[in-house]
Every structure is written in structure tokens, then in C-alpha cells.
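Student: I've got a model to go through with you. Can we talk over the labels and what backs them up?

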Amino acid sequence: MRIASRGLPLLLAALAIAYPWLVPNYYLVYAGALTVMYAAMATSWNLLGGFTGYVSLGHSAFFGLGAYGTGLLVTRLGVPWVVALVVSAVLVTAFAAGVGVAAVRVRGASFVIVSIALVSMMNLVVQGWRSLTGGSTGLQVPSPFPGLHRGQTHMVFFYAFLALLALALLVWWYVSRSRFGAGLRAIREDEDKAESLGVPTGAYKVTAFCLSALFVALAGGLYALWFGSLDPIFVFSILIGSYMVLMSLLGGVRHLFGPLLGALIVAPAGEYFLIALGETQIHLTATGLVLVLVVLFMPDGILARLTRRRAGPSIPDQSADQRLQEVTP
Amino acid sequence: MSSLRTEGLTKAFGGVRAVDGATVELRDGRINGLIGPNGSGKTTFFNIVTGMIRPDAGRVLYRDRDITRHTPHRVAHAGIGRTFQLCRVFPRLTVLENMLVAVRRTRLRELLAGLRDRGEVERARHWLRRMGIEHLEDAEARDLSYGQQKLLELAAVLMAEPDLILLDEPAGGVNPALIDRIAGLVRDLNAEGRTFLVVEHNMDLVMGMCDHVIVFDRGAPIAEGPPSVVREDPRVLEAYLGV
Amino acid sequence: MSLILQGLALGVLTGGLYALLASGLSLYFGVMRVVMVAHPAFLFLAAYLTYTVHTAFGVDPFLALPVTVPVFFVLGVAVQRLLVARLAPDNLAMMSVLLTFGLALTIEGLLGTFYTGSYRSISMEYATRSLTVGGVSLPYDRIIAFAVAALTLGVLFAVLVKSRFGRALRATIQHPEAARLVGIPTERVAGYGFGVGLATAAVGGTVLALITPFFPASHWVWIGKLMAIIVVGGLGSVVGAALAAVLLGVVEGVVLVTVDATWATMMFYVFVFLTLLARPQGFFGGRLAHRF
């Protein structure tokens, strides 16, 4: 059992690395890169959502800002793409800190509303500020690898997103094993109680919010360099944000690999719908229905189903008194 | 030395003054009882002292430092711990994880430290052993009985190493054997130098355990002194019987 | 100056409509502590149904109401009984947002499939003219919208205050346990509360169809606007929501005529963030707000 649980991730990692060479065509490399991108974003989302229970439907704001930041730095200032990617992500994180201070003051549903407001706001700004962003016509970003053909670019970005995913997983894992992570989980369970135990909940939440925004912004920047053309309506769409939520919930927000598993199901399914049904809007209905079903019947996700401990309280009540008899002199 | 001192604390909800000019002084090293009829403002007083509610007026001083309007976690860092009336633990964390939530001071190095940091885990096991629930460390807190949860809550508060501990109805909803056990623990912890302020309706427990009793009525203390004196005070009887 | 006056007048008229559109949200939150993100999607579902009735039979859009209002009432009861009531109570606030978000996506996808993504609009001859009072021109469609909103809200308040059902509903909102103890079937009442909420969406959708062109994704803008209204007003406070609706309507109207449309919409989000920084529980009551 132990060997299986250690070996399985290694095997999957090896498979992921070999994936572009295993598939027969570049379309599947493209679809793979897209899936890994969503997996990285969902895992980053889970840095906030999974630990603290603050569900953000507006994380596409950070995706879009990261994308536009990188694109603008490259096109307007002629900054090398690596620098643009990093600087843009840092700027977005700083922005997230400012937003976070206001946003995490409210809990539960109010927080979700704020996150929706955030992404709508960013969408308005980017579309309205035509002179800088090109408005609703979009922004063209030159490819960082002009020597490569389209398929080779897909391969490069497949590995770039894979590295980002690995980084996000590593950070999630590290946080989950730290005292910081224990504090974040305590916030999810009972925020006032955590505060009374000395946990600076406000600072914790803002930190988690920023960390989560950082990796999503990096994904956005990579996306800008990869696709080369940014459409504000797409990158700031609530749909991207809801994909992150759906993937995480479906896989299981309490598990390291939950969002990854969710992405492996949802992203290919989305691509399949696109091919099978064409450019209709019915894929929205499919996404919506899956979300409804997950929320109703599997709110803890697939992994929780698989790893569920045996049902019912594991400690019989009377054992407390028995223990008391033993320790009371 | 003075442990906790409040001066003229006042808090109104709508038109009702839940706490009304409460001036209280606790001396270090005592077990203080806080009694009074329902609705006399005891829990609101707790909430103000621990920073969960902001007072309309008045000051809270701890060891002569003004902590009025401090956020709850800063109050905790100052050395005040508390339990809640309806015992509150983190239901879906394990017992050991519950113990490791408490933060004594905000230092980056400590926050990034691993959860299984040996020193902290040893401290956690020490307190779990003293509560008699060390065998449950891997169980999720929601699977514990109510009494076990009460012990866990107290143990988790002790992880923050408070000098003053506010207990809100420690005997509420637990069986007599456990009440005796909790009373014994409080006495032991007090003998080790911790000061207590205990809100409790079980008069036998209060009178048997406390060195000093403060009686609240309508949001302010109306009498205080050793249990034997307070028990005979006519104002106390009047407050309870509601004449 | 007259520009500002124009903005003010338009703002008040629009604010009245906002009050109607947001009233359903207050109801859902009141009876179930649920933030219904799908409310605007239902608004546009109603707008499209009105459009269909109007184009198929060539009748006045308001004649669709006898059909849409009962249908939406039943839909509302169904949503509450079949979906919302099944959620686990321990994380109801968050899960209900996700659930209704899923509903919104479902409706948007269906509308996009059946009606395509292009703009639709209903224009009635009587609604295109304007009334000019003292240099301020008031389009008839806005006046009609305001009148319908005022009438509907008036009926709603009368029902809530006077009827037995209204009393049961208010009791359920204020204290569900106590209401259950005195024999009020709170679950059924909550279902009817949802029904009434969605019935207001049927009316609101018809009005929207009359005054603005719409397409399936229109509801996202309205999620932002309506949520801003209930956050600024204080979640769960019906009166607060109405006041915030008029306030934001006026702000939007003035900014619209003095700056531009982008900033006019942006005002809603600016107000949300200002509210959260200054008074997270909302400006007009709703002390429950930050917990939900």
C-alpha cells in the first residue's frame, strides 16, 4: 500500500513527462498543455480555496492580469519575455495583496460576490482602456520562439505548464505540512476560534490569497506567450474562474492531487465537447450541470470518496469515562 | 501584581447595555469566579476582554498594558487564552492538528516550520497526556465525545502558553466525573502559576474551586470577595432571585 | 447642470427598477440564507420567454406575464425543494452560491443554444418616445419600468405585511426555529419564498426586455450590479437593498451622463469595495452580512 502510494505519483510524473512523445499528433500535445495549464491553475486556486474554504469565483482576474501584464511588457516596453513573465506575476501579486485586504474582510457568500465583482471590474478596465490594451479587439503578443513551428511551441509550453504545476503542487504540499497550513485549515473550520488561539487570521488569509494569485498570474503570463493573442472577454471570463472551482471540488479540495485529478477530467471533457458539439453554448450547460451534481452529491470530491475512512465515530463514547477511571487517582 | 484590569467597560447592543461600566481587577495567581444571572453580561465581558467585541467605552489593561481594541490574536499573544461556552474545536482536524494551531508569536521562521516540528509535537503530547486524551491524537475532533472535546479545547488553549485563562462554563454539559477532573486540572494549572477567570453556573464548583468570586448583574460587578463571603451577601441573593 | 438633473432623474427611475430586480435576492437570503447567483440568469430567461411570446403572437410583452409569473413561481419552489434544501447545512452559504452558479451556467448555455448568441430586443412603439419635464427628458420605457417596479414592490410588501403567508414568511426569516415551534411549516414557506422571488424575476425580466437589448451572457453584468446593491444595502435587509438600489441607480445615472458607460458600471464595484473597507456589514443594516 505504502509503495503504491509513493510509486504512483512517480509513475504518473514519468508518464506526464513522456506524454508529448507518446501521442500521435500535435493537437493532443496542445490539448495536453491546456489540461496541464488548468491543473496548475486549479492547484493554485486550491492554495486559497482548499485550505481556508474561501471560494473565489474570480481567480480569472489574476489569470487575465498576468496575461495582459506579460503581453504589455513585451509589446509596449520590449522587455525580454522571461522578465516580463516574472515582473507581471509580481505586480499581480502586489495587486492581489491590496484586493485581499478588502476581500477577506467578508466571509462565505459575500466573499464569493466580491470575487465575481473583481473579475467583472478587471474586464471593464481592460476593455475600456483602449489606448493601452487594445480594448475589445484584443492584444497581439509576439511568440518568444519565432524559430519553432506551432507544434513545437505546444511542446515547449506543455513543459512550461508542467513545471508550473510541479511548483504549485510543491508549494501546496509544503504549506499543508507547515504550521502556517494548520492555521489556514483552522480558519476554514472556525475562524474566530483560530483567532482566539493567536492565529493572525487576516494576515494568513491575505498571504494565501497572494500565493494563490501568484501562480495563477504565472499561468496567465505563459498563456499570453503561448497563444500570442489575448481576448479580454475570454481571459477575464467567469468561466475560467469557475473551471478552477469545479476542478478542485470535483477532485477534492482537501487533497494535494484533488485539483489535478479534477483538471484531468474536466479539461479533456471540455475539449471533447468543443469537437463533438462545435462552437455552441451547450458546453456551458454541461459545465453548469456537472457543478450542480458535484455540489449536491459529492461536495468533498472524488478523492475523499476513495480515501474515506470507515463511517461513523471511531471512538465509542464510554471509552472517555473508562480512560477517566484510569487516570483519576 | 494586577493581572487583568478593566475600567468602565461598556457595550450596548441596540438599546440594551449588555456590559455597563464594568470595572474589574484580577490579581495574579488566583482562580477567579465570575457569576451572575443569565443575561448579566458575563460572556459579553469575555468577548470584550479577548478583543472579539469592541467596547463602546472603557479600557482593558493586562499587566498594566492597554490592550483595548487589540485584535483577538494580539490579545492571545499578550498571554490571555479562552474557551467558549459551547465548546469549540476544529471538527475536521485531527486532535494533534488541533493542538498545533495555536500561535504564540508571529515569526516567519516558526510559521514556515514543519507541522511535525518535534518540540511542538512533544509539547502537544504533554498536554494531551495531562488531559488524558493522548490516545486520541490521530482521531478527527468531530469523532470525540463532548467531554473529550472540552478537554481538547482546554489543551489547545494551553499550547499558546497563556498566563490568564478565561473559561466559559467549563462544567456545562459534561458528566459529574469529568467536572471533578476539570476542577482538578484547573487547580493544578493554577498551582503552576496560571491565573483563571471562570464563568460558571454550577455553584458547588465555583464555591469549591475559586479563591475569589465576582458577581455580575446588569452588566457590572455588584459584589466580590471570597466564596464564603459572597455566598452570604444579600445583594447576590437579590440579583439571583430577581427581586 | 441640466445634464446632472437629467442623470439624477434617469438614476431614480433606473434605481426603482434595480430595487425590483434585487428584491428577489433579499427574499432568498432571508428565507434560506442563500445568495442566489442565478437570479439574473432567470431574469434573462424571462426576457427570452417574453420575447418568444411577443414575436410568436405579436402581443404586448406585458401580456406574457400571466404565463411567466406562475411558471417562475413553480420553478422557484422546485429550485428550493429539489436543490437548495438538499444541501448540507454546515456549509450552506458557500455551497448554495456554487449550486446557483451552476444553474446560471446551465441557463446561459440553454439560452445560447436555443436563441444563439446574438442580441435580441423588443421595441414597442409607445416605449420609444420621451416625456420632457422642465428641460429633463424622461424616456417612456424607463417610466414604465419604474411604474411596474413600484407596483410590483407595492404588491410584494402588501403580501408580506398583510397576508397570513406574509406573516409566516417573515417569521421564518426572523427566527426559523421559533417559527417551526409555533407550527409554521418553515420548509414549505421557504419554498414559497423562493417562488415569490422568482416570480419577481419574471416581472423584472419582462421589463428588462422592453428597455434594453439582451444576449445570453447579459446576466453576468447584472450579477455584479445586483450583488453590489445587496452588499451595499446589507445582506438580508429588504429596505437596505431598496435604498442602495436607488443610490447606485442615481450614481450610475450621473456618471453615465458626465463621464461614460464604463465608469458608470464601474461605480457598482467601487461601491462594493468601499463598503467592504468601511462597513463590511453594509450601510443600511443587515448585521448578519459578514457571516454569510
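Tutor: Sure, starting with chain B: four strands form an open sheet in the order S2-S1-S4-S5, with antiparallel pairing. The model is predicted, so local features need pLDDT of at least 70 and side-chain atom pairs pLDDT 80 or more, while totals for chains, interfaces and linings use all residues. Residues are numbered from 1 along each chain as written, chains are lettered from A and ligands numbered from 1 in written order, and side-chain values use heavy atoms, without hydrogens and water.

Student: What makes S2 and S5 of chain B stand at the edges?

Tutor: Strand S2 (16-27) and strand S5 (65-66) each have a single partner strand, so one side of each lacks a neighbour in the sheet.

Student: How do you know that S1(B) and S2(B) pair?

Tutor: Pairing takes at least two DSSP bridges between two strands. Strand S1 (residues 2-13) and S2(B) have eight bridges, in the antiparallel sense, so they pair. One bridge joins Phe13(B) to Val16(B) in S2(B).

Student: Over in chain C, why is H2(C) called oblique to H9(C)?

Tutor: The axes of H2 (residues 39-57) and H9 (residues 219-233) come within 8 Å and cross at roughly 130°. Under 35 degrees is roughly parallel, over 145 roughly antiparallel, 65 to 115 roughly perpendicular, and the rest oblique. That makes H2(C) oblique to H9(C).

Student: Which residues of H2(C) and H9(C) make the contact?

Tutor: Counting heavy atoms within 4.5 Å as contact, they include Phe44(C) of H2(C) and Trp222(C) of H9(C).

Technical notes: Axes are lines fitted to C-alpha atoms, for helices over the stretch in contact, and angles run from 0 to 180 degrees between N-to-C directions. Helices (H or I, at least four residues) and strands (E, at least two) are DSSP runs, numbered from the N terminus.
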